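Please open the model in a viewer and keep the sequence panel visible. The tour below proceeds by selection, with a short account of what each selection shows.

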Amino acid sequence: MRESTIMKIHYGTALAAIALVAVHILMRLTQGFAESLEYESVLANYRFIPYAAMLELILILLAVHGFNGLRVILLELKQGRTYEKAVSYGCLVAMIALIAYGSRTIIMTNMGMV
Amino acid sequence: MTRDEHKEGIKGMINPSRYGIERFAYWLMRLTGLGLLAYFIGHIYETSNILRGQVGWNEFLELTQTTEGHAILAIVIAMCVFHTVNGIRVMLGHGGIGVGKPSRPDYPYDPASQNYRHKIGIYSAIVLAAIAMMYGLAVMFGE
């Protein structure tokens, strides 16, 4: 993929994440901070499908943005064909692993498997 | 003087008095990005404890809902706000907004892109990050 396309994705995921993370944080402030973290409250959040879908979207957006940012930083430090491929594929694998792990939590909790 | 004597390493590179606030913002952007990625991975692991049931969730909350945990979260809030505000500034700059018009380079070669608009953007990001951190501390410790 062209670097210019990757940067557009980087900026797009950032802008989308700003809006969704703001909603996620505001949800913590609708109740008291400590109450919002109570087990029943968190479970209710996960079982509310629109909110769970938003969490999944935040997970994907931030994982893509975060690991691409890490890739950019690592490519600024050192260059070379093998190194660049290793960094790019390493970040891609880490991103997929994190999305899979986070999705597991969201899906299992949403489906009442807790 | 040998070549090595000129080298100050990372300390020299991030020194805002030498290369300006733009270089400092460049480093802060990367540091906050790495910090936020580390927090994000930790947060994904933290929230996965819900699968351990109420006891497991409460056990993990006891670890994170401490004075140290709140202090770390306040730093995360500051990093998040700085990264967001400075990121918007960088995006606008990449889009050609606020970087000035192209002109003939004349001595003392002041880059048009490093102008007061972007400096204000960087200082605003730092101030807003500090305000958000204070607000976060008030919310977390105010209960």
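A residue counts as exposed if 12 or fewer other C-beta atoms lie within 10 Å of its own, and as buried if 20 or more do, with C-beta atoms placed from the backbone. The model is a predicted one.

**Stop 1: a loop residue of chain B**

Select Thr66(B), which lies in the loop between helix 4 (53-64) and helix 5 of chain B. Is Thr66(B) buried or exposed? Thr66(B) has 11 other C-beta atoms within 10 Å and is therefore exposed. Now add Phe141(B) to the selection. Thr66(B) and Phe141(B) stand 75 residues apart in sequence, while their C-alpha atoms are 9.9 Å apart in space.

**Stop 2: chain B as a whole**

Select chain B and display it as a cartoon. Chain B contains six helices and zero strands, and its pattern along the sequence reads α-α-α-α-α-α. Its radius of gyration is 20 Å, well over the 15 Å that the globule rule gives for 143 residues, so chain B is more spread out than a compact globule. Turned along its principal axes, the C-alpha trace of chain B spans about 70 × 40 × 25 Å. Of its 143 residues, 20% count as buried. Among the contacts in chain B with a separation of 6 or more, 67% are between residues 24 or more positions apart.

**Stop 3: a cis peptide bond**

Next, select Tyr107(B) and Pro108(B) and show their backbone atoms. What is the configuration of the peptide bond from Tyr107(B) to Pro108(B)? This bond is cis, with omega near 10°. Most peptide bonds are trans. Pro108(B) is placed in the loop between helix 5 and helix 6 of chain B.

**Stop 4: a buried alanine and its partners**

Move on to Ala129(B), which is found in helix 6 of chain B. Ala129(B) counts as buried because it has 23 C-beta neighbours inside 10 Å. Leaving aside neighbours within four places in sequence, which residues are in contact with Ala129(B)? They are Ala78(B), Val81(B) and Phe82(B). Shift the selection to Ala78(B) and apply the exclusion of neighbours within four places in sequence: Ala78(B) is in contact with Ala129(B), Ala130(B), Ala132(B) and Met133(B). For a distance across chain B, pick Ala129(B) and Arg30(B), which are 99 residues apart in sequence and 15 Å apart in space, C-alpha to C-alpha.

**Stop 5: the largest nonpolar core**

Keep Ala78(B) selected and add Ala63(A), Ile77(B) and Phe82(B). Of the 31 residues in the largest nonpolar core, these four touch the most other members. Helix 1, helix 4 and helix 5 of chain A each supply at least two residues of this core, as do helix 3 (21-47), helix 5 (67-94) and helix 6 (116-141) of chain B. Which helix gives the largest share of this core? Helix 5 of chain B does, with eight residues.

**Stop 6: chain A as a whole**

Hide chain B and display chain A. Chain A has five helices and zero strands, in the pattern α-α-α-α-α along the sequence. The radius of gyration of chain A is 17 Å, whereas a compact globule of 114 residues would have one near 13 Å. The C-alpha atoms of chain A fill a box of roughly 50 × 25 × 20 Å along the principal axes. Of the 114 residues, 20% count as buried. Residues 24 or more positions apart make up 75% of the contacts in chain A with a separation of 6 or more.

**Stop 7: a helix pair in chain A**

Select helix 3 and helix 5 of chain A. They pack at an angle of about 95°, and their axes are 8 Å apart; the two helices are therefore roughly perpendicular to each other. Show side chains for Leu43(A), Tyr46(A) and Arg47(A) of helix 3, which meet Ile106(A), Thr109(A) and Asn110(A) of helix 5. The residues of this contact divide into three nonpolar, two polar and one charged.

**Stop 8: where the chains meet**

Finally, restore chain B and select the contact between the chains, which takes 22 residues from chain A and 21 residues from chain B. On the side of chain A that touches chain B, at least two residues come from each of helix 1 (3-30), helix 2 (33-36), helix 3 (39-47), helix 4 (49-77) and helix 5 (81-110). Helix 5 of chain A gives the largest share of that side, six residues. Coloured by residue class, that side of chain A shows 16 nonpolar residues, six polar and no charged.

Note on methods
Residues are numbered from 1 along each chain as its sequence is written. Chains are lettered from A and ligands numbered from 1 in the order in which they are written. This is a predicted model: local features need pLDDT of at least 70, side-chain atom pairs count only at pLDDT 80 or more; totals for chains, interfaces and linings use all residues. Two residues are in contact if their C-beta atoms, placed from the backbone, lie within 7 Å. Helices (H or I, at least four residues) and strands (E, at least two) are DSSP runs, numbered from the N terminus. Ala, Val, Leu, Ile, Met, Phe, Trp, Tyr, Cys and Pro count as nonpolar, Asp, Glu, Lys and Arg as charged, and the others, Gly among them, as polar. Axes are lines fitted to C-alpha atoms, for helices over the stretch in contact, and angles run from 0 to 180 degrees between N-to-C directions. Angles under 35 degrees count as roughly parallel, over 145 as roughly antiparallel, 65 to 115 as roughly perpendicular and the rest as oblique. The radius of gyration is taken over C-alpha atoms; the globule rule is 2.2 Å times the number of residues to the power 0.38. A nonpolar core is a set of buried Ala, Val, Leu, Ile, Met, Phe, Trp, Tyr and Cys residues joined through C-beta atoms within 7 Å.
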